[in-house]
Amino acid sequence: MPDTADADVLIVGAGPVGLATALLIARHGWRVTVLERHAEPYPQPRAVHFDDEVARLLAGAGLADELGRLTDPADIYEWRNGSAQTLLRFDWSGTGPSGWPMASMFNQPALEDALSEAAAKADGLTVLRGYEAVQLAQTDSQVELIARDGVGEQRRFTAAWLVGCDGANSFVRGHMQTGLTDLGFFFDWLIVDVVPNEPRTWDPVNLQICDPQRPTTVVSGGPGRRRWEFMRMPGETAEELNNEQTAWRLLGPWQLTPDNCVLERHALYTFQARWADQWRQGRLLIAGDSAHLMPPFAGQGMCSGIRDAANLSWKLDLVLRGLSGPELLDSYGAERSAHVQHAIGLSVELGKVICVRDPEQAAGRDGFMTSMDADPARILPPLPPPTLSGGIIHRTAAGDPAEGAGVLTPQARVGYRGRTGLLDQVVGTGFVLAATEDPAAALDDDRRAFLDAIGAQVLHLLPASGAGGRSGAGSPIGKSEGDTGGQAIDVDGAYLEHLAAAGHVAVLIRPDHYLFGAVPSMAELSALVDDLSRQLTGTPQS
Ligand SMILES: Cc1cc2nc3c(=O)[nH]c(=O)nc-3n(C[C@H](O)[C@H](O)[C@H](O)COP(=O)(O)OP(=O)(O)OC[C@H]3O[C@@H](n4cnc5c(N)ncnc54)[C@H](O)[C@@H]3O)c2cc1C
């Protein structure tokens with residue numbers, strides 16, 4: 001066996017989740033090695049949509065300046081029946097609470113290229129393509145992995161932790177004793193990606209045709225591209241459906257021919273709904289499609305994997321630094337699995353409406369939806385809020401989640417150290433303690449030192465109007481004297497308004513943007529910080 005390469009974290013799989021996880025961990029200064037079995041990035045069509053929360057996470061992973069080039073915002077997503085009657089209309093226009101467009105359409109290979117470029121520039125991060133993980137073992141202190149390159153040479157890798165981001169048939173998951181919960185939802189769809197020769201306006205930009213003769217999806221595939229998805233019908237074989245001739249025949253009604261567009265790719269996928277029961281075993285963890293699969297009707301598969309990356313990366317950082325024990329990583333699977341089951345449930349519910357093949361059942365469905373004025377709020381089951389129901393969130397003395405703890409926090413623009421922009425881009429990422437009064441002044445040295453140790457951004461939020469006269473206020477932690485870095489001007493008033501509406505004066509936010517907890521008075525801030533300290537390190541600071 002040739003040389004051994006050592007890393008802090010090994011990641012198997014350089015799909016979007018593996019690359020995002022690697023970038024988010026390497027950002028903390030850890031040595032991360034990603035092994036990918038394919039020598040070249042995977043070119044097949046898959047995800048086309050992500051939401052504002054995921055845009056924020058991708059921006060935090062280093063793509064903030066790339067997202068505009070990579071995406072088309074989507075405004076309307078309309079569902080119609082076979083007679084072109086509107087059944088459902090989602091309005092996704094504008095900016096979402098996370099500070100990015102509510103819905104962005106993109107091309108997955110282009111996004112993966114951008115992630116790979118960011119990875120190539122990141123310190124401590126190595127992506128090795130053409131290495132397939134073939135053997136895996138773990139001891140109390142490390143993980144050992146054997147990977148085989150394209151000519152059959154084997155190489156040994158060791159690391160403190162290993163994350164399997166190796167997709168649906170995960171090799172890493174196969175080495176963990178975990179079952180899979182499968183909802184038994186299986187439908188085959190032909191995916192066709194097209195590049196029209198001339199720009200063309202598509203109205204609505206995203207369309208679902210709930211025609212029992214052939215359920216069909218027609219959406220943006222990112223800048224310059226369109227995506228069609230056609231369901232396989234009873235009696236039709238996979239071979240009959242998945243070929244170029246059939247793709248052109250199905251595109252015909254859309255006036256698309258070899259003369260006016262390029263058929264970029266066609267592929268058949270079986271949509272499924274399942275999740276792994278365990279996401280960690282010892283030093284092995286899984287994320288992305290290796291941990292969960294869902295039908296793409298809500299556009300949440302990759303989004304869920306990017307949320308996994310955001311949740312896991314800050315916890316791995318704290319464990320690697322010795323601030324937290326490995327048991328912190330158990331909260332990763334617990335938090336993410338509960339959240340992902342909501343996304344899977346929603347996707348399946350949408351699928352049950354879309355995949356109807358019986359004309360009578362379809363007519364009943366159409367009657368109901370039109371009678372509800374195509375209003376999603378009246379037609380669909382209530383969407384689960386993007387909230388953590390347990391895990392690392394502030395608790396009451398009785399151990400129940402404190403009010404508001406676990407909700408996804410919004411992002412707005414701030415003015416900070418002479419720059420104005422979205423909070424993550426001008427202040428940075430990580431834990432955030434933000435308050436209407438100087439939070440550092442309300443805490444003692446030990447608590448300030450704890451926040452400093454976990455890399456928290458400690459912000460005194462100031463209204464835009466009163467900012468001029470307040471220069472010099474605030475006591476930024478870990479900053480040099482005279483540095484006013486702790487002050488953040490709430491340029492649009494969004495943060496202060498939000499706090500006032502909730503009756504809070506200070507919030508403590510996790511690096512994945514979920515609220516750890518909030519307090520109604522500065523007198524309670526120390527207890528909030530203590531609870532975080534207790535949950536992360538096992539000891540309060542008092
Ligand atoms: C038709 C379709 C439409 C979709 N639309 C959306 C959408 O609009 N929005 C959305 O959010 N999601 C969507 N998804 C889901 C999304 O594409 C996936 O969730 C996403 O690609 C998962 O990323 P991943 O990194 O977890 O896994 P993958 O992208 O599968 O990457 C896994 C990587 O691991 C590598 N690998 C596997 N085994 C090994 C090994 N032993 N050694 C080394 N490397 C290995 C593979 O080669 C691969 O590169 C869609 C999926 C499909 C099929």
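Domain bounds here come from an automatic or database domain assignment. Keep in mind that the whole model is predicted.

**View 1. Domain 1 meets domain 2.** The assignment splits the protein into domain 1, built from 5–48 + 107–179 + 277–325, and domain 2, which covers 413–537. Measuring from centre to centre over C-alpha atoms, you get 32 Å between domain 1 and domain 2. Eleven residues on the domain 1 side are in contact with ten residues of domain 2. Between them, the two domains bury about 820 Å², with 57% of that on carbon and sulfur atoms. On the side of domain 1 that touches domain 2, the residues divide into four nonpolar, three polar and four charged. What about salt bridges across the interface of domain 1 and domain 2? The rule finds zero of them there, but it does pick out four residue pairs in polar contact.

**View 2. Trp-202 and its surroundings.** Look for Trp-202 in the loop between strand 13 (187–196) and strand 14 (206–210). Is Trp-202 buried or exposed? Its relative accessibility is 16%, so Trp-202 counts as buried. Leaving aside residues up to four places away in sequence, Trp-202 touches Arg-226, Trp-228 and Leu-256. The Trp-202 side chain also reaches the backbone oxygen of Arg-200, at 3.4 Å. Ala-61 is another story: its C-alpha atom is 31 Å from that of Trp-202, and the two residues are 141 apart along the chain.

**View 3. Glu-78 pairs with Arg-80.** Side chains of opposite charge can pair when their charged atoms come close. A search of the whole structure turns up 31 salt bridges, and one of them joins Glu-78 to Arg-80, with the closest N and O atoms 2.8 Å apart. Glu-78 has just 4% relative accessibility, so it counts as buried. Arg-80, at 22%, counts as partly exposed.

**View 4. Asp-193 and Arg-265 link two strands.** These two form a salt bridge whose closest N and O atoms are 4.0 Å apart. Asp-193 sits in strand 13 and Arg-265 in strand 17 (residues 261–271), so the pair ties together parts that are 72 residues apart in sequence. Both Asp-193 and Arg-265 are buried.

**View 5. Arg-214 meets Glu-236.** Here the two side chains come together in a salt bridge, 2.8 Å from N to O. Arg-214 belongs to the loop between strand 14 and strand 15 (216–220), while Glu-236 belongs to the loop between strand 16 (226–231) and helix 5 (238–241), 22 residues apart. Arg-214 is buried, with a relative accessible area of 15%, and Glu-236 is buried too, at 12%.

Key:
Residues are numbered from 1 along each chain as its sequence is written. This is a predicted model: local features need pLDDT of at least 70, side-chain atom pairs count only at pLDDT 80 or more; totals for chains, interfaces and linings use all residues. Side-chain values use heavy atoms; hydrogens and water are left out. Helices (H or I, at least four residues) and strands (E, at least two) are DSSP runs, numbered from the N terminus. Buried means under 20% relative accessible area, exposed over 50%, partly exposed in between (1.4 Å probe, protein chains only). Contact means heavy atoms within 4.5 Å. A polar contact is a pair of N or O atoms within 3.5 Å; within protein, one must be able to donate a hydrogen and the other to accept it, and residues adjacent in sequence count only if both atoms are side-chain atoms. Buried area is the accessible area (1.4 Å probe) that two parts lose on being put together, summed over both. Ala, Val, Leu, Ile, Met, Phe, Trp, Tyr, Cys and Pro count as nonpolar, Asp, Glu, Lys and Arg as charged, and the others, Gly among them, as polar.
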